[in-house]
Structures are given as C-alpha cells and as structure tokens.
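Student: Could we go through this structure together, one question at a time? I would like to begin with the ligand and then turn to the helices and loops.

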Amino acid sequence: MDKKPDLSKLPSVDHLLQRPTMMDMMVEYGRPLALEAIRTAIEEIRQKAISNHEQVPEIDAFMARAEQILAGWVRPTLEPVINATGVILHTNLGRAPLSEATMAAMQAVGLAYSTLEFDILKGKRGSRYIHVEDLLVRLTGAESALVVNNNASALLLILSALANRRRVLISRTQLVEIGGGFRVPDVMKQSGAILEEIGATNRVHLKDYEKAIKDLPIKLVLRAHQSNFQIVGFTSEPPLKDVVDTAHKADLPFVDDLGSGTLLHTEDYGLDHEMTVQESLEAGSDLVCFSGDKLLGGPQAGIIVGRADLIAKLRQHPLARAVRADKIALAGLSATLLHYLKSEAEIKIPVWQMISMTPEDVRRKAQSWVKALRRGDIVENFSTVGGGSLPGAKLPTYVLAFDLEKPDVFLARLRRARPAIIARVEDERVLIDPRTVLPKQEGALLVELQNALAEKQFR
Ligand SMILES: *Cc1c(COP(=O)(O)O)cnc(C)c1O
C-alpha cells in the first residue's frame with residue numbers, strides 16, 4: 001500500500017549549503033548558479049516524491065542531482081562531433097574542419113592584441129584589408145581582393161555597390177536554392193538589383209544574353225554556380241568566355257559567383273572538372289566571389305577577387321562595414337591561404353587531405369578498424385564532396401558496414417557518445433566512412449564503436 005511521502009524530511013537550502021561538496025560546486029560554477037541548481041534539485045525531488053508516492057531520498061541524492069543539473073546547464077550545445085558520413089563538406093556539421101596552422105593563427109590573434117588595423121613599421125593606423133588580400137592576389141592573379149563575412153554577403157555587397165536599382169542579367173538555369181532555404185535570387189533581390197531572367201530552366205543560349213543586353217538597360221551580367229543542383233539531359237549553357245565577351249562588348253561588368261570556389265584542379269583528384277577561381281578570372285570575369293569554408297577549406301568568409309576599380313567601389317560602400325570579416329577569420333584565412341602558396345594544401349588542409357585519400361588508403365584504414373573491433377564488413381561505397389559544391393561529385397571509398405537489427409537505434413546510440421558520432425544507414429546497414437574521420441578522432445571513434453557494439457541489444 002502507498003504511504004504518503006513525509007515532505008518534512010525534505011532538506012532546506014540552508015541545510016544543503018553546509019555540505020562539503022556544496023563548496024566545490026560554488027567554486028566550480030559560481031554561487032548564484034550553484035544555489036539555483038540546489039533549489040531546482042529540491043523542487044524536482046519534491047514533485048517526484050509526491051507524484052510517485054516515494055519517500056524523500058538521502059541528502060546525497062540532492063547533491064548528486066544538483067551536480068547533474070549544473071553539468072547540463074554549462075554543457076555547450078556547439079561542440080565537436082565525429083563525421084563518419086563520408087560527406088566532406090557537411091554544411092550541418094560545420095563545413096570545413098580547419099588545419100592546425102589555421103587554428104594556431106586564430107588562437108594567437110584572439111588571445112592578444114594584433115596588427116588588425118595598425119602598421120607596425122610606420123607606427124600608424126593601417127588597413128584590415130591588407131592581411132589576406134595580398135595573398136589572394138598572388139594566388140589568383142587578380143588585380144585586387146576583398147574579404148567579407150561570407151559568400152552570401154559578398155554577393156549582396158557586389159550587387160548593392162554595382163547594380164542597386166538597376167538590371168542584372170542572370171540565366172534561369174542558375175536561379176538555385178542551395179539548402180537551408182537559402183535562395184541565391186532572394187539574396188540578390190535584397191541588394192535592390194532587379195533580376196532580369198533569361199533562357200529556360202534547362203537551356204540558355206548566347207543569343208538570349210545578346211538580345212537582353214540590346215533590348216534592356218542592363219547594368220551587370222551575373223553567373224551563379226548551380227551548387228548542389230545539377231540539370232541533366234537536354235541542357236545547354238554557352239561557355240563562360242563567350243558570355244563574358246558578350247558582356248564586355250556592351251561595356252558591362254561580368255560577375256561570377258563560384259560558390260565553392262577552388263584554387264586546385266579537382267580533376268587531379270578523380271573528380272569532375274570544376275572551374276577554378278584562376279580560370280574564371282582568365283576567362284575575363286571582372287569579379288569572382290566564393291566561400292572561405294567550402295572547397296578552400298578555411299574559416300567562414302566571403303572572398304571577392306577581381307578588378308581593382310570595382311573592388312575599390314565595394315570597399316567604399318557602407319554595406320562593406322556591415323559585412324566585414326572579423327580578425328579571427330582573417331587570421332585563419334591567411335594561414336589557410338599560405339598552405340596554397342607553399343603548395344602544401346593537399347597535406348595540410350583537412351578537406352584536401354580527405355579528397356586526396358585514394359580508395360586504397362581508405363580501405364587500409366577500414367581494414368585496421370575491422371581488425372580492432374572484430375566486427376563489421378568492408379564494402380565499396382562513395383564519399384561525396386557536399387557543401388553546395390560539385391553537384392553529384394563522388395569519390396569511390398570503402399566503408400565499415402554493420403548488420404544490426406535496429407540500425408536507427410544504433411545511430412542514436414552513437415550520437416549520445418562524446419564527441420557524438422554521426423553515421424548513416426543505407427539498405428538497413430550502419431555505414432562508417434573512414435574518409436571523413438579526422439586522424440585525431442580515430443581512437444575515440446573506435447572506443448565508442450566497441451562500447452556500443454558490446455551492448456546487449458547490438459551484439
Ligand atoms: C554556398 C553558396 C553561396 C553562399 O555562400 P556562404 O559562404 O554560405 O554565404 C552563394 N552562392 C553559391 C553559388 C553557393 O554555392
């Protein structure tokens with residue numbers, strides 16, 4: 001028979017404050033937060049005693065619950081995870097992981113004062129624009145460069161500064177949504193530019209460009225990369241060079257939003273050819289913009305390279321201040337770009353390390369993992385580049401495959417690990433792609449996999 005709980009046995013806050021562990025909690029979390037946790041724990045346990053007709057527990061149970069509550073309150077929600085999905089630029093998982101040198105540069109500038117806008121030779125005010133721009137000019141052959149917060153803001157700034165309330169010519173084949181509900185045309189419209197759409201969804205011809213330029217007061221011609229979208233079948237788009245020449249014949253600037261923007265030749269890595277930043281500039285693009293955290297493999301940034309007179313206009317526009325890059329990103333981006341300058345991108349930048357792993361490299365890793373775990377099969381599969389870049393780009397890989405009765409329950413179990421492990425299910429099998437697992441996370445991954453697989457429900 002249920003007995004009514006004796007609530008008079010509930011400890012008071014003052015009573016709990018006398019406990020030695022309370023002092024530790026106050027040192028660790030600060031007095032106000034520790035007190036709030038104690039009150040919350042007492043209230044929780046009181047409610048539970050009433051609704052479950054339970055007796056009030058020992059004092060230690062209150063302290064233990066308060067500890068738990070505190071740990072929950074201070075646990076960051078933005079934390080590292082292990083990406084075992086095989087998607088290299090996983091937008092939901094933070095796109096590009098950074099190189100050691102990139103993080104070191106960010107840390108050094110973050111932990112001290114810096115030369116952000118100070119010229120140490122002259123002892124005078126300097127410019128935040130010089131740090132990365134010189135590197136970009138060297139790497140791409142552009143006349144000038146500008147770095148802003150991200151590529152969406154680069155696009156917004158370009159169109160605001162060069163085409164506000166004027167007509168911008170763009171092909172319907174390029175009016176794409178790139179995920180997260182982000183539509184390239186919506187951003188463009190925010191600049192006040194009027195989008196003049198030409199061609200059909202699947203095809204656009206040079207004569208569509210020529211006719212629009214002849215008939216309408218066009219201010220700028222824009223190309224936007226189709227990102228994670230691919231039109232297949234009956235399609236056509238004129239070569240970039242021809243569109244650029246058509247724009248130039250009418251004295252119009254041509255702007256190329258490359259999206260991902262690569263400095264390296266993707267075809268050297270078994271991927272489809274992706275126009276590089278340098279190639280777009282060589283074809284005559286007046287401005288090229290791209291992201292810092294996609295194929296470049298650096299921190300979030302929007303990078304604009306091209307004609308010096310146009311870049312100067314962008315710098316002078318009031319929006320430039322609103323979308324400027326912060327010092328941490330600038331420090332990190334410089335360090336990432338240095339890897340390219342020193343021809344060490346492939347060995348230092350995680351994204352390119354992953355892309356350049358051969359299927360044989362991945363297979364060897366998968367084999368050693370299966371050996372360590374004594375579970376799982378090795379099967380052929382594909383990794384993807386992702387991140388709104390290289391539509392459909394696939395890299396042959398080998399994955400660990402686990403046949404389990406409840407694959408989704410296993411995925412949830414892996415997500416409860418710290419760092420959480422993000423894997424995927426295909427044909428009822430749990431797949432782990434070694435390609436996207438950072439070397440320093442391998443140990444943690446294997447321990448957690450082993451623990452999870454040893455649980456009764458997964459044995
Ligand atoms: C990813 C992408 C953007 C947006 O870049 P962010 O750096 O995420 O702001 C814009 N345009 C294209 C074509 C893209 O692929």
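Student: How far is a backbone N or O atom of Ala152 from an oxygen atom of the ligand?

Tutor: Good place to start, and keep in mind that this is a predicted model. Ala152 is among the residues that come nearest to the ligand, along with Ser227, Asp257, Ser291 and Lys294. Its contact is made by a backbone N or O atom, and the distance to the ligand oxygen is 2.8 Å.

Student: Which residue places a polar side-chain atom 2.7 Å from a nitrogen atom of the ligand?

Tutor: Here we look at a side chain rather than the backbone. Arg95 also uses its side chain, but an N or O atom there lies 2.9 Å from an oxygen atom of the ligand. The contact to a ligand nitrogen, at 2.7 Å, comes from Asp257.

Student: How much of the ligand's accessible area does the protein cover?

Tutor: Take the ligand on its own as the reference: its accessible area is then 380 Å². Of that area, the protein covers 95%.

Student: Which elements give two or more residues to the shell around the ligand?

Tutor: The shell holds 13 residues. By class, three are nonpolar, seven polar and three charged. Two elements supply two or more residues each: α7 (151-163) and β9 (254-259).

Student: Now the helices: how are α9 and α10 oriented relative to each other?

Tutor: Helix α9 spans residues 206-215 and helix α10 spans residues 240-249, and their axes come within 10 Å. The axes cross at roughly 15°, and α9 passes α10 in a right-handed crossing. Because angles under 35 degrees count that way, α9 is roughly parallel to α10.

Student: What is the orientation of α3 to α4?

Tutor: The axes of α3 (residues 31-52) and α4 (residues 59-74) come within 8 Å and cross at roughly 120°. The crossing of α3 past α4 is right-handed. That angle makes α3 oblique to α4.

Student: And how are α18 and α19 placed relative to each other?

Tutor: Their axes come within 10 Å, with α19 covering residues 442-454. The crossing is right-handed, at an angle of roughly 135°. The two helices, α18 and α19, are therefore oblique.

Student: Which peptide bond is cis, with omega near -5°?

Tutor: Look at the loop between α18 (407-415) and β14 (420-422), where Pro419 is found. The bond leading into this proline has omega near -5°. The cis peptide bond runs from Arg418 to Pro419.

Student: One last item: what is the phi of Arg374?

Tutor: Arg374 is found in the loop between α17 (359-373) and β12 (377-386). Its phi is positive, in a residue other than glycine. The value is near 55°.

Terms used
Residues are numbered from 1 along each chain as its sequence is written. This is a predicted model: local features need pLDDT of at least 70, side-chain atom pairs count only at pLDDT 80 or more; totals for chains, interfaces and linings use all residues. Side-chain values use heavy atoms; hydrogens and water are left out. A residue is near a molecule or strand if one of its heavy atoms lies within 4 Å of it. A polar contact is a pair of N or O atoms within 3.5 Å; within protein, one must be able to donate a hydrogen and the other to accept it, and residues adjacent in sequence count only if both atoms are side-chain atoms. Accessible areas come from the Shrake-Rupley method with a 1.4 Å probe; for residues, only the protein chains shown count as cover. Helices (H or I, at least four residues) and strands (E, at least two) are DSSP runs, numbered from the N terminus. Ala, Val, Leu, Ile, Met, Phe, Trp, Tyr, Cys and Pro count as nonpolar, Asp, Glu, Lys and Arg as charged, and the others, Gly among them, as polar. Axes are lines fitted to C-alpha atoms, for helices over the stretch in contact, and angles run from 0 to 180 degrees between N-to-C directions. Angles under 35 degrees count as roughly parallel, over 145 as roughly antiparallel, 65 to 115 as roughly perpendicular and the rest as oblique. A crossing is left-handed if the near helix is turned anticlockwise from the far one by less than a right angle, and right-handed if clockwise.
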